[in-house]
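The exercises below concern helix packing and aromatic pairs in a predicted model. Work through each task before reading its solution.

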Amino acid sequence: LSLNGPTSPTELVEKLEVSEFTLERNTKELIFSRQVMESGFTPTDALHVLGQLDIGDAKQAEKGAQVLAKLRNQNVQEFCEEILRSVRLNIKNAVLKAVFRRQTGSSLENFFTSDSNDPLLSVNFTLNIPIIGIGAAARLLLPEVAEALGTRIIFPEHYEVGNALGAIMVAS
């Protein structure tokens with residue numbers, strides 16, 4: 001990494017000819033010894049880069065997006081838009097999984113939440129209850145999820161100061 005700069009885990013596995021397990025173990029050791037710093041690119045970072053949200057450090061988000069987009073042979077805007085599409089899909093699937101688990105058990109949840117382009121079967125659902133939006137990025141991420149699920153979204157007072165951990169604790 002110090003010679004070649006940032007690279008993806010997939011490229012490291014190939015270049016170093018190690019297993020994913022070995023790479024993960026070695027990476028954890030490097031992080032623990034503070035030789036490597038672990039960071040993540042969040043939906044909020046993508047919203048910063050796209051100019052849709054202005055909280056935190058947008059310059060760092062832009063730097064991260066440039067590195068990650070280059071690793072994926074994309075431009076920064078394509079990369080950030082793909083991140084947001086993926087996050088919205090994950091949120092939609094999480095809502096559907098929670099509803100299916102509550103209503104029918106978990107046996108069918110993976111089938112009904114997949115967005116695969118199956119040539120033989122297509123399934124669409126309408127959620128009969130509203131989605132509650134919590135967190136600073138909620139107003140920018142959740143309306144499309146609610147639309148895809150055929151429901152409405154409610155943003156409670158001070159929704160922007162909530163976070164995912166709080167939402168999970170309330171939902172549990």
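**Exercise 1.** Classify the orientation of α5 and α7 relative to each other, and describe their contact.

*Solution.*
Step 1. α5 and α7 are oblique to each other. The basis is the crossing angle: the axes of α5 (residues 76-104) and α7 (residues 138-148) cross at roughly 55° and come within 9 Å. Angles from 65 to 115 degrees would count as roughly perpendicular, and those under 35 degrees as roughly parallel.

Step 2. The crossing in which α5 passes α7 is right-handed.

Step 3. On the α5 side the contact involves L84, V87, R88, I91 and K92; on the α7 side, L140, L141, L142, E144, V145 and A148. Sorted by type, the residues of this contact give eight nonpolar, three charged and no polar.

**Exercise 2.** How many aromatic pairs are there, and what is the geometry of the pair F100 and F125?

*Solution.*
Step 1. The count is three aromatic pairs.

Step 2. The ring centres of F100 and F125 are 5.1 Å apart and the planes stand at 80°, so this pair is edge-to-face; the cut-off for that class is over 60 degrees.

Step 3. F100 belongs to helix α5, while F125 sits in the loop between α6 (109-113) and β1 (131-132), so the pair ties together parts 25 residues apart in sequence.

Step 4. F100 has 11% relative accessibility and counts as buried. F125, at 27%, counts as partly exposed.

**Exercise 3.** Which class does the aromatic pair of F155 and Y159 fall into?

*Solution.*
Step 1. The centres are 5.0 Å apart, with 55° between the planes of F155 and Y159.

Step 2. The pair is tilted.

Step 3. Both F155 and Y159 are buried.

Technical notes. Residues numbered from 1 in each chain as written. Predicted model: local features only at pLDDT ≥ 70, side-chain atom pairs only at ≥ 80, totals over all residues. Heavy atoms only, no water. Axes fitted to C-alpha atoms, helices over the stretch in contact; angles between N-to-C directions. Helix = DSSP H or I, 4+ residues; strand = E, 2+ residues; numbered from the N terminus. Parallel < 35°, antiparallel > 145°, perpendicular 65-115°, else oblique. Left-handed = near helix turned anticlockwise from the far one by under 90°. Contact = heavy atoms within 4.5 Å. Nonpolar A, V, L, I, M, F, W, Y, C, P; charged D, E, K, R; others polar. Phe/Tyr/Trp six-rings, centres within 6.5 Å; stacked < 30°, edge-to-face > 60°. Buried < 20%, exposed > 50% of the residue type's maximum accessible area, 1.4 Å probe, protein only.
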